[in-house]
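Please look over the sequence and the model shown here before reading on. The report that follows takes up the chain as a whole and then a few chosen places in it.

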Amino acid sequence: AGDEAVGPADVAGLAEVEKAILAMRQRLAEVHCPVLLMHSLEDTFVPPESMQAICQALPAGDRQMISIRHSNHVLPLDASRDQVFEAAAGFVARVAP
């Protein structure tokens with residue numbers, strides 16, 4: 001375990017992820033609606049600083065950031081999922097017309 005070789009499919013997949021991230025970052029300034037960002041402080045895939053960087057790239061407006069503990073990358077499936085669902089429901093209730 002841990003000695004697996006990286007194959008062409010892995011490299012191609014990573015390249016696609018990088019392209020998607022770049023495209024997302026280039027379009028953040030076009031977002032003109034309320035935004036809720038959640039990120040786990042224990043995420044082993046994406047550093048927590050990413051949430052702050054995304055928030056700063058958004059236009060001024062209704063932006064809310066929530067740091068989650070006791071979860072990894074897939075928040076709705078991890079240990080703090082109840083906190084995630086409650087925060088999302090509260091956000092939608094606050095911003096929905």
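## Contacts, fold and selected residues

In this predicted model, residues 24 or more positions apart account for 63% of those contacts in the protein chain that have a separation of 6 or more. The chain that makes these contacts has three helices and two strands, and, read from the N terminus on, its elements follow the order α-β-α-β-α.

As for overall dimensions, the C-alpha trace spans about 50 × 30 × 20 Å along its principal axes. The radius of gyration of the protein chain is 16 Å, whereas a compact globule of 97 residues would have one near 13 Å. Of the 97 residues in the chain, 21% are buried. The accessible surface comes to about 6,900 Å², and carbon and sulfur atoms hold 61% of that surface. The protein chain also carries 7 positive and 13 negative charges, and the mean positions of these two groups lie 10 Å apart.

Helix α2, which covers residues 49–57, shows how burial is arranged around one element: its buried residues are Ser50, Met51, Ile54 and Cys55. Because these residues cover an arc of only 135° around the axis, they lie on the same side of α2. The face of α2 that is turned away from this buried side carries the exposed residues Glu49 and Gln56.

Two further residues, both outside the helices and strands, can be set side by side with their places and relative accessible areas.

| Residue | Place | Relative accessible area |
|---|---|---|
| Histidine 70 | loop between β2 (63–68) and α3 | 61% |
| Alanine 96 | segment after α3 (81–95) | 41% |

Is histidine 70 buried or exposed, given its place in the loop between β2 and α3? Since a residue counts as exposed when its relative accessible area is over 50%, histidine 70, at 61%, is exposed. The backbone of histidine 70 deserves a remark as well, for its phi is near 65°, which is a positive value in a residue other than glycine.

Alanine 96, by contrast, has a relative accessible area of 41% and is therefore partly exposed, the range for that term running between the 20% and 50% limits. How far apart are the C-alpha atoms of alanine 96 and leucine 28? They are separated by 21 Å, and the two residues stand 68 residues apart along the chain.

Methods: Residues are numbered from 1 along each chain as its sequence is written. This is a predicted model: local features need pLDDT of at least 70, side-chain atom pairs count only at pLDDT 80 or more; totals for chains, interfaces and linings use all residues. Side-chain values use heavy atoms; hydrogens and water are left out. Helices (H or I, at least four residues) and strands (E, at least two) are DSSP runs, numbered from the N terminus. The radius of gyration is taken over C-alpha atoms; the globule rule is 2.2 Å times the number of residues to the power 0.38. Buried means under 20% relative accessible area, exposed over 50%, partly exposed in between (1.4 Å probe, protein chains only). Contact means heavy atoms within 4.5 Å. Accessible areas come from the Shrake-Rupley method with a 1.4 Å probe; for residues, only the protein chains shown count as cover. Lys and Arg count as positive and Asp and Glu as negative; His and the chain ends are not counted. The place of a charge is taken as NZ of Lys, CZ of Arg, CG of Asp or CD of Glu. The arc is that of the directions from the helix axis to the C-beta atoms.
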